[in-house]
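Grab a coffee and work through these exercises with the structure open. Try each task yourself before reading the solution.

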Amino acid sequence: MSTNKEKDRKPHELVRTGPTVTQALAENPHLSPRRAAWKTYPKPFFLKRLLLRFQIRHDLYKGRGDNDLTQEDLDEAAQSGNFPYRPSNLFLKIYSDVLLCLARDPLSGLVSPPLMASSAVMPLSIISVIPDIMKHYYHCIVNAEKQVLLATNYLQPSDSHKTIFNAFRELSKRVGERGQKEKIIVKLIYDRGTPKQFFKNHVQVKPNSGPWKGVELPDPSEIPNIDLEVINFHRVLLGTFHAKFMVVDEKVVLLNSNNIQDRPNVEMMIHLEGPIVSAFVDTFVLSWNNRFKPLPPLIAHPVPPPSSNFKFDGENPFLRHIDVIRAARAARALLKQQGEGDRARAKDVRRHHGEWQGALRGMGFDFGGLEAPGEASGSQVGRQRFADAVETMMQRHGIGGRRKSSKNVLENGAEDGDAGIAHNGSPSNGESKGVQLAHAIVEAKIKQDSASNHDTDGEAHEKNGTAAPDARSAGSSTAVDQDIGGHPKDKEDRDRPINGASAGQEADANGQLERPAPEPLSQSASEDSRTSTSRAVPPVDGNGQELFDSPEAVRKRKHALSQALNAGTIRPTTANIDDDTLLEDFRPHLIHKAHDPFPIALVNRKPHGMPGHQDIRTPQNAAWLAGFRYAKRKVFIQTPTLNAAPVVRACIDTAKRGVQVVLYLDLGFNDKGESIPFQGGTNQEVVIKMYKELKKVGKEQFLDVYWYTGKDQIRPINAIYKSRNCHVKFMVIDDEVGIQGNGNQDTQSWFHSEEVNVLVDSKQIVREWMEALEANQNTGRYGKVQRDGIWRDSLGRTVSFYDDEVTEQEKERKRKEKEQAKKHAQRVMEKRNISEHKPEGQ
């Protein structure tokens, strides 16, 4: 019994009073993180760990006592974290189960216990294709001041790779331009198997060595103001380093589902700020293991992350590159200036009536009689209609949730606390830039539309080498990014096929690549990113004549969205959706409404190399199992694969007790790998098995399974074709608590890989997540599987029927192309023969 009491109490003591590994390194920089971890949190004696092994396993699988926790248990959990307020009971129950794992190994969560649970804000989530996420990575990297800690599983030469390392080139350039003496310290961990890892799991990758060049890391001469150190980490045999996150200074964490590679996946990324940043730094330190050379400056001299006064939407400097935020800021700035009675400016704006209408329609608006500010004879009427348009646009994207209404702005001028506006109502320098940006939106769009029916390389540079932004639809909030790179081979690389795609697939719907962002860069900086959802809805003509809902505009939107979702595909596909209204709510950038810090906890797992399915005692697995156990209404999971024995059993048991289980899965995702013995089987096999077992007890109605269906599709596509895949890893319990991060629901993630995830206690964030997930796919509308585990349409046809049909069409197309190529070769040979036998002098 004493062991049971210690099992429950010891973790609470650790998280309240214990030291941290990061602190140990700051006190003794010569220590390696491995040594610091061993000294700070030694594991219990072997026999004691063996006893705890079975007790914790029982509690995680079966629950404690009556399968519920007492009020005393919840109170103790509430005091075992640096929470901003008392979390919900559901969060506390899950967190209490998570803490059980620390009794056997205090670092089983891959974070020092005192940092495990704290608070955070989340200004942004991205649910979109990989290029959109990589562009946000770019903008966070180039704004680094002291250090960047970057973790990824795959690091493959690709457009995503190019975006990341061009960001470091740009960062090095900026450091030099601002005369900063200290180099930016960058640490990178990735996983690429090598025989050396049989002897040492963490292999240092030396500059310009074979492994360095193998993943195309930049030559140190390209980044003279950056000190880059790299580790290749894999725990033999099966302990994959599967973590994917980045920490910039002590300010920002990006946690995402994608690797640094090009794949045909919709992915998910969250942007976190606040005290939880310190926990991610600690996780990175423990993952690094080796001695740092040099120690990152904010580890040697830590600066606690802020815990208040957070910025949202356009006020957050890391979000200002996002398209809809830039448009809203520009429009708001101009609106304020009009509200102050700038008649001269109003006359200038009236000359651009058509352009303003075109710009607004390009963002998704089509209001009859919409005037630009100051347009109507009663100037207040024109300004109010324009204000309503701006207000609607901001409401669609959750911008300015705590701001005054547009009516108040018109009547009272500047908003309280709005940067760049003087208190006397006159515009400051910041506002003047906003006005310039507002006009640049229109002018750049007109230039773009008039340039050869959409310029083939998509660039619309100003004379000074900096391109102005353009207005975009409400269906897309992605940033208009600057070109990133500047190497002579970039143009050649843009045209090079990737993953078997033709050169034409490198571009967007109109053959365009990315366009520039608002931050001025040198002319040598050029982006080489692939198709992005920033092009999901192309802007309409600048004269405002083309209606947003015209057949041609609808066709353009369908085509552009399909091209955007074709990023990284091997077999590109086109839109087959009939209801075009479903296209308009696609939002790659989820700009969260302003909120106070919420409770959050890291729920990670260490890598486990040895074969077998015994390594269950980890915070990640404890959180997932507790979510099922304590759910009272609904469990929602979106994951590419689901076959680990514990989660399959949890789905069945939860449905049996009348709690709705909703699964969004990928049909055919990694079927070859999941079919290997002991891996758990394919998604299709697992779903059929679950329905069979539930039918025996008449509970099959409590399990709803859907195959992922792309936003432009009316039916699922088998993931084997790599046309429309989803790689999001996400769980929500009772619409209250969410778990997001790196871990799949497959055998590898449950028992072997290193994973990093967060447990979030915020109904607002969870609600906004769910709304965005539903909006950015058609899974809930078209992907539902029948109770026998098979998807069928209204005609009774299965996915394979349509996939086979498309495959035959592909075969026929390739056959015709081959015949045409053969005929062309024959004609060339005939001409050559004729010229060779032609008499001289003729």
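**Exercise 1. Find the loop that holds Pro294, then say whether the peptide bond leading into Pro294 is cis or trans.**

Solution. Start with the place: Pro294 sits in the loop between α10 (276-288) and α11 (297-300). Keep in mind that this is a predicted model. Now check the bond from Lys293 to Pro294: omega is near 0°, and the bond is cis. Next, try the bond from Val236 to Leu237, which is also cis, with omega near 5°. Leu237 belongs to the loop between β5 (226-233) and β6 (245-248).

**Exercise 2. Decide whether Glu216 and Asp249 are buried, partly exposed or exposed.**

Solution. Look at the backbone to begin with. Glu216 isn't a glycine, yet its phi is positive, about 55°. Asp249 isn't a glycine either, and its phi is positive at about 50°. Then place them: Glu216 is in the loop between α9 (210-214) and β5, while Asp249 is in the loop between β6 and β7 (252-256). Now the cover. Glu216 has 46% relative accessibility, so call it partly exposed. Asp249 comes in at 3%, so that one is buried.

**Exercise 3. Work out whether the length of helix α7 (residues 130-142) agrees with the expected span, then look at the salt bridge between Asp132 and Lys135.**

Solution. Take the 13 residues at 1.5 Å a residue and you should get a span of 18 Å. The end C-alpha atoms are 19 Å apart, which agrees. For cover, 13 of the 13 residues in α7 are buried. On to the pair: the closest N and O atoms of Asp132 and Lys135 are 3.8 Å apart, inside the 4 Å cut-off for a salt bridge. The two residues are 3 apart in α7, so about one helical turn separates them. Asp132 is buried at 1% relative accessibility, and Lys135 is buried with a relative accessible area of 1%.

**Exercise 4. Which parts of the chain does the salt bridge between Arg629 and Asp97 tie together?**

Solution. First the contact: the closest N and O atoms of Arg629 and Asp97 are 2.7 Å apart. Arg629 lies in helix α20 (residues 619-630) and Asp97 in helix α6 (residues 89-99), so the bridge ties together parts 532 residues apart in sequence. Both partners are buried. For the whole model, the count is 20 salt bridges.

Technical notes: Residues numbered from 1 in each chain as written. Predicted model: local features only at pLDDT ≥ 70, side-chain atom pairs only at ≥ 80, totals over all residues. Heavy atoms only, no water. Helix = DSSP H or I, 4+ residues; strand = E, 2+ residues; numbered from the N terminus. Expected span 1.5 Å × (residues − 1). Buried < 20%, exposed > 50% of the residue type's maximum accessible area, 1.4 Å probe, protein only. Salt bridge = Lys/Arg side-chain N within 4 Å of Asp/Glu carboxyl O.
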